[in-house]
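Me: I am new to this structure and would like a close look at a single part, the disulfide, followed by whatever helps me place it among the other features. Please take your time over it.

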Amino acid sequence: RAIFCPSPSCLSLSPQCPPPPTLHTCQGLAPCLPEEGQVNTSGPRLLLATLHPASGSSAAMDRIFSALLLSLLLLLQSCGVCGAPPQPRGTLCRTKPTDLVFVIDSSRSVRPHEFEKVKVFMSRVIEGLDVGPNSTRVGVINYASAVKNEFSLKTYQTKAGLLQAVRRIEPLSTGTMTGLAIQFAISRAFSDSEGARVRSPNFNKVAIVVTDGRPQDGVQDVSARARAAGIEIFAIGVGRVDMHTLRQIASEPSDDHVDYVESYSVIEKLTHKFQEAFCVVSDLCATGDHDCEQICISTPGAYKCACKEGFTLNSDGKTCSACSGGSGSALDLVFLIDGSKSVRPENFELVKKFINQIVDSLEVSDKQAQVGLVQYSSSVRQEFPLGQFKNKKDIKAAVKKMAYMEKGTMTGQALKYLIDSSFSIINGARPGVPKVGIVFTDGRSQDYITDAAKKAKDLGFRMFAVGVGNAVEDELREIASEPVAEHYFYTADFRTISKIGKKLQMKICIEEDPCECKSIVKFQTKVEDLINSLQQ
């Protein structure tokens, strides 16, 4: 699944355009416009997808690449500055009103920098909620040998206030009295006096317990009392946690309520599970809860507007203007593929398959999309430059013939090659045409990447960073374009692939002519048919 969320700066590149419309917050992702206390300095945001060549099903990989493919189609066939592509007028999902209490272990085994990771995790979950006195209320319990009520369900009624309060939390750094903390949640945190609402089918009571050790008191009986009181409990274990204890704490089914991560550095990966858990999907087009002038296209828990054939969507995202049509926009796209030995031959064939699925979706010609391909391991090898092949058939044939290099992972050297050679005029790059680089890697780079990664972005290249397995997230962030959090994705496990859709965003390359795109309806149909085909 993917969503639209254009940046205001993307809609304000030309003085001829009207002011950008008010944009809704993209629930579960960064806001399109700054919230209270925030400053938005981002330009047009681009899609980030991930590839995991190490293991797992091709169906899961299809879902990843369908989202990446959709982003590239939008880069190629978008309307101009004074027109906008389909974009959601509603939120990504409407969260059911919930009384949510985080129960956070800050015992001495949790180092200060690890506790900061827990705070980031809490903040990301909160960002995806509808916060308010009549929607979701949030409280936080901090515990070690004693229990500290950081703030109650009634304390903050805005998302900005909650996020500021989370940033101020400090670890207690003593023992691990998990049972005592759960008892505090029952008797105090979920009490009427602290802002909890009377038990009702109209809203949920949820506790998220995060711990990294064996508790020094009992948890089984007190957890059973909490569940009997109508509190749904999720248990997250970190590191050397006792899994039996987690199952004693959590609600049933335990597979849905117990999660384990190997370290606090990856706890943020659970964010989208909880955003999905709190999401109530609705068909806003069917209910009439939209303001599209011509066509409303329903997506899970959201919608976007489109126009009939011969019209293009205006910058307000809902009205349409007559459009003469066109043949799409130009794009220079280079794949930078990790061919190191850790990928393994059978998975390298999957990489080639997915590259060709993306190529199938492009309008390849001298005036539209050009594709280049570079493989790297201990050295860098240009498989073919931009513009060498003038049609999809020849590009796909060249991809299929690409031989697997194996050996090391010199990502920095590959990035330098991308800058110095791949996007040079002598290698087919066209002046004034948007440059997009897609970097796939599954391991730590064996050389220095910082300078090359910075230079690529300084030159205006739009960089997608795609990591899998042993890829280092700090390196992915260095490679990815701004805003960094939305231009890279990493997964360690195929179990997380199904949740990728909520992290992906479709972004648009703005051109000069608002009618320089094919019919929105035809385009949308083509994209959705292609995604359905890939998923099947």
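**The disulfide and its surroundings**

Reply: Cys-305 counts as buried, at 0% relative accessibility, and since this is a predicted model, that value, like the others here, describes the model. Its partner is Cys-292, and the two residues form a disulfide with their sulfur atoms 2.0 Å apart. The count for the model comes to 1 disulfide. Cys-292 lies in the loop between β9 (279-280) and β10 (295-299), while Cys-305 belongs to strand β11 (residues 302-306), so the bond ties together parts that are 13 residues apart in sequence. Cys-292 is buried as well, with a relative accessible area of 12%, a value that falls under the 20% cut-off for burial. The torsion about the S-S bond of Cys-292 and Cys-305 is about -80 degrees, and the disulfide is therefore left-handed.

Other links in the chain are made by aromatic rings, and the count comes to 7 aromatic pairs. In one of them, Phe-234 and Phe-274, the ring centres are 5.2 Å apart and the planes stand at 80 degrees, so the pair is edge-to-face. Phe-234 sits in strand β7 (residues 232-238) and Phe-274 in helix α8 (residues 271-277), which places the two 40 residues apart and makes this a link between distant parts of the chain. Phe-234 and Phe-274 are both buried. A further pair is Phe-348 with Tyr-404, whose ring centres are 4.9 Å apart and whose planes meet at 25 degrees, so this pair is stacked. Here too distant parts of the chain are linked, since Phe-348 is in helix α9 (residues 345-361) and Tyr-404 in the loop between α10 (392-401) and α11 (411-422), 56 residues apart. Phe-348 is buried, as is Tyr-404.

Returning to Phe-234 and Phe-274, these two form one aromatic cluster together with Phe-102 and Phe-121. The ring of Phe-274 also has the charged end of Lys-273 over it, 5.6 Å from the ring centre. A comparable arrangement involves Arg-197, which lies over the face of Phe-203 at 5.0 Å from the centre of the ring.

Strand β7, which carries Phe-234, is part of an open sheet of 6 strands in the order β5-β4-β3-β6-β7-β8, with mixed pairing. The edge strands are β5 and β8 (258-261), each of which pairs on one side only. From one strand to the next, the twist averages 20 degrees. At the β5 edge, 4 bridges join β4 to β5, and these two strands run antiparallel; Asn-142 stands opposite Lys-148 in β5.

Strands β4 and β5 lead on to helix α3. In helix α3 (residues 159-167), 7 of the 9 residues are buried, so the helix is largely enclosed by the rest of the structure. Those buried residues are Lys-159, Ala-160, Gly-161, Leu-162, Leu-163, Ala-165 and Val-166. Their cover includes α2 (112-127), β4 (137-143) and β5 (147-151).

How values were computed:
Residues are numbered from 1 along each chain as its sequence is written. This is a predicted model: local features need pLDDT of at least 70, side-chain atom pairs count only at pLDDT 80 or more; totals for chains, interfaces and linings use all residues. Side-chain values use heavy atoms; hydrogens and water are left out. Rings of Phe, Tyr and Trp (its six-membered ring) pair if their centres lie within 6.5 Å; planes under 30 degrees apart count as stacked, over 60 as edge-to-face and the rest as tilted. Buried means under 20% relative accessible area, exposed over 50%, partly exposed in between (1.4 Å probe, protein chains only). A charge sits over a ring if NZ of Lys or CZ of Arg is within 6 Å of the ring centre and within 35 degrees of the ring normal. A disulfide is a pair of cysteine sulfur atoms within 2.5 Å. Contact means heavy atoms within 4.5 Å. Two strands pair if DSSP finds at least two bridges between them. Axes are lines fitted to C-alpha atoms, for helices over the stretch in contact, and angles run from 0 to 180 degrees between N-to-C directions.
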